[in-house]
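Hi,

Here is the structure I promised to pass on. Have a look at it first, and my notes follow below.

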Amino acid sequence: MRPPSPSIPEKEFLFASLKESLRLDGRLPMELRAPILTFGDDLGWVECSLGKTRVLAQVEGKMVKPLPERPFEGMITIHSEISPMASSEYEPGRPSDEEVTITRMLDKVLKRSDAVDKESLCILAGQRVWHIRLTLHFLSDAGNMLDCACLAGMVALKHFRRPDVEVVGDEVTVHEPTERAPIPLAIHHTPFCFTFAFFPDPATPPIIDPTQLEQRLSAGLLTIALNAQRELCVLQKLGGVPLDTDEVLKIVNIAVQKAKELNSIVDARLQEDWSGRKVEVR
Amino acid sequence: MQGSRVEILNEGGFRSDGRKQYELRDMTIDLAQQGQADGSVVVTHGLTQVMVSVFGPREAKMRSQTIHDRANINVEVNVAAFSTGDRRKRARGDKRILELAATIKSTFEPVVQTNLYPRSQIDVFVQVLQQDGGLLQACVNATTLALVNAGIPLLDFVCAVTGGVHSTSPLLDLTLLEENDLPNVTVAVMPKTGKVTLVTMETRLHVDRFEEIFRLAGEAGKIIHGEMKNAVRSRTTALVTAMGSAPRVGGGDTADKDGDDRMNEY
């Protein structure tokens with residue numbers, strides 16, 4: 001069910017205030033909503049919220065037979081179907097345009113960018129590998145679900161610990177978490193996703209992390225996924241208002257700055273949660 | 001089964017298909033009419049071949065998708081099973097193909113003057129016949145030409161080029177072999193203003209390397225624009241001459257004072 005388009009007074013008010021660099025929720029144009037990360041009891045259960053947008057990510061692993069053409073690599077699958085719980089505009093079954101975009105972006109950011117080392121997931125070559133399954137539940141859509149989902153997914157992968165496995169010859173023994181401390185996944189780098197919205201009037205500055213109204217009224221979106229080491233993982237500008245090369249590069253530099261900040265926030269939160277858990281060595 | 005590793009760029013500066021670093025592949029544009037389409041084109045970039053047919057603006061088939069003040073652009077992409085090296089049938093709801101269609105749609109929505117045709121529909125059917133890298137590039141270029149061929153008013157051409165970086169040397173217009181190995185980016189520009197309308201990059205690349213290849217690809221788009229303009233111009237000249245509306249050479253016919261067109265003897 002397509003939601004009604006924003007009214008003309010809403011549109012004009014938004015454009016007029018954005019021209020003066022004022023956003024409706026009081027943020028600066030280049031200010032992110034503060035991400036709030038909540039960890040569950042299970043390792044690999046994270047709820048991420050950016051303002052009112054909330055996404056839940058859960059990671060679980062099980063041992064399976066590897067693909068015949070890749071006997072040394074584990075498998076990572078991402079499940080992210082948007083249910084009408086997020087917003088009434090999403091219908092179960094037929095993926096809307098936005099859902100396809102989000103699913104593909106998550107695939108590119110989390111899988112194609114090789115964030116997690118797949119070869120480290122191998123237990124016994126050709127016979128047993130770990131299959132890591134990341135499930136994302138979109139709880140609420142208040143704009144920019146993509147960034148929230150990428151953050152939740154990445155933090156969940158960093159938070160997850162898989163059981164320790166011992167291989168002697170051809171025998172594989174899985175140790176319970178109570179016997180041996182579970183091990184974290186081997187993560188090469190941590191990509192963060194940032195979405196910028198552009199508006200039809202060229203005098204309006206671009207904004208980061210748009211809310212739902214800003215997203216709907218924008219004339220173009222630019223999504224950048226990069227890590228704190230200044231490496232771009234994904235850059236996507238699918239149509240919308242044409243931009244100069246210099247403008248795009250300026251946005252990339254802003255994203256580099258934000259990635260560093262977000263990285264330190266995430267690390268601090270993970271550290272805080274880990275110190276709260278009891279890991280005894282007997 | 002990997003044979004001997006093919007060198008992407010050898011010491012002589014030649015790539016695996018014999019091109020130099022900044023050389024673009026051979027581009028052919030065939031604007032002949034296909035079926036009942038209002039506009040159609042077959043574009044090849046080297047070995048990548050894409051056919052696009054455009055219907056419209058016409059009455060909307062899907063009433064629910066009509067917009068009250070603009071035309072709705074509907075893009076459908078079909079990748080032939082024989083287009084790649086090994087025959088592979090793609091499922092209808094394949095996310096990659098849906099993404100390609102959504103990308104083409106959002107690229108052309110601000111370019112096509114849709115406000116001239118409210119409550120109508122413009123159908124763009126993309127058929128991929130051969131794939132050898134640069135699929136999005138070929139689809140975007142072909143769609144531009146098909147829309148121009150259909151006479152649908154556009155703000156400007158949209159010209160797309162792929163670029164990649166091999167260690168520190170940038171390359172343009174990548175083949176499948178190069179695309180699989182190197183970080184690559186597809187850039188589409190509108191030549192009149194030089195502004196960038198589409199950028200996609202799916203592989204890891206350092207920010208500094210990215211700046212270099214991004215600027216280069218923007219420049220290369222202008223070369224593609226030259227080719228497209230020539231093709232459109234020659235096709236239009238051919239049609240206009242055949243219709244007999246071409247300006248007459250040699251002083252004009254004074255025999256017909258009313259100014260009526262004389263029948264051409266073929």
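In what order do the elements of chain B run from the N terminus on? The run is β-β-β-β-α-β-α-β-β-α-β-β-β-α, and the totals for chain B are 4 helices and 10 strands. Before you read on, keep in mind that this is a predicted model.

Chain B first, as a whole. Its C-alpha trace spans about 75 × 50 × 40 Å along the principal axes. Of its 266 residues, 47% count as buried. If you take the contacts in chain B between residues at least 6 apart in sequence, 68% of them join residues at least 24 apart. The surface that chain B exposes is about 13800 Å², with carbon and sulfur atoms supplying 49% of it. On the charge side, chain B carries 30 positive and 33 negative side chains, and the centres of these two sets sit 5 Å apart.

Now for three residues of chain B that I went through one by one.

B:R25 is in the segment before β1, the strand that covers 27–30 of chain B. Is B:R25 buried or exposed? B:R25 is buried, because its relative accessible area is 7% and the cut-off for buried is under 20%. The side chain of B:R25 reaches the backbone oxygen of B:H45 at 3.4 Å. Neighbours within four places in sequence aside, the contacts of B:R25 include B:R19, B:H45, B:G46, B:L47 and B:T48. Also among them are B:D132, B:G133, B:G134 and B:Q137, as well as B:D173, B:L174 and B:T175.

B:N74 belongs to strand β4 of chain B, residues 72–79. With a relative accessibility of 16%, B:N74 counts as buried too, since the limit is under 20%. What does the side chain of B:N74 make a polar contact with? The partner is the side chain of B:D123, at 3.0 Å. B:D123 also turns up in the list of residues that B:N74 touches once those up to four places away in sequence are not counted. The others in that list are B:M62, B:Q121, B:I122 and B:V124.

B:Q36 is in the loop between β1 and β2 of chain B, where β2 is 39–45. B:Q36 counts as exposed because its relative accessibility is 69%, and exposed means over 50%. If you want a distance to check in your viewer, try B:Q36 and B:L147: they are 111 residues apart along the chain, and their C-alpha atoms are separated by 14 Å.

On to chain A, which has 5 helices and 14 strands. How does the radius of gyration of chain A agree with that of a compact globule? For 282 residues a compact globule would come out near 19 Å, and chain A has 21 Å, which agrees. The C-alpha trace of chain A spans about 70 × 40 × 35 Å along its principal axes, and 49% of the 282 residues count as buried.

For contacts in chain A with a separation of 6 or more, residues 24 or more positions apart account for 72%. The accessible surface of chain A comes to about 13500 Å², and 52% of that belongs to carbon and sulfur atoms. Where charges are concerned, chain A has 33 positive and 41 negative side chains, with the centres of the two sets 1 Å apart.

Cheers

Key:
Residues are numbered from 1 along each chain as its sequence is written. Chains are lettered from A and ligands numbered from 1 in the order in which they are written. This is a predicted model: local features need pLDDT of at least 70, side-chain atom pairs count only at pLDDT 80 or more; totals for chains, interfaces and linings use all residues. Side-chain values use heavy atoms; hydrogens and water are left out. Helices (H or I, at least four residues) and strands (E, at least two) are DSSP runs, numbered from the N terminus. The radius of gyration is taken over C-alpha atoms; the globule rule is 2.2 Å times the number of residues to the power 0.38. Buried means under 20% relative accessible area, exposed over 50%, partly exposed in between (1.4 Å probe, protein chains only). Contact means heavy atoms within 4.5 Å. Accessible areas come from the Shrake-Rupley method with a 1.4 Å probe; for residues, only the protein chains shown count as cover. Lys and Arg count as positive and Asp and Glu as negative; His and the chain ends are not counted. The place of a charge is taken as NZ of Lys, CZ of Arg, CG of Asp or CD of Glu. A polar contact is a pair of N or O atoms within 3.5 Å; within protein, one must be able to donate a hydrogen and the other to accept it, and residues adjacent in sequence count only if both atoms are side-chain atoms.
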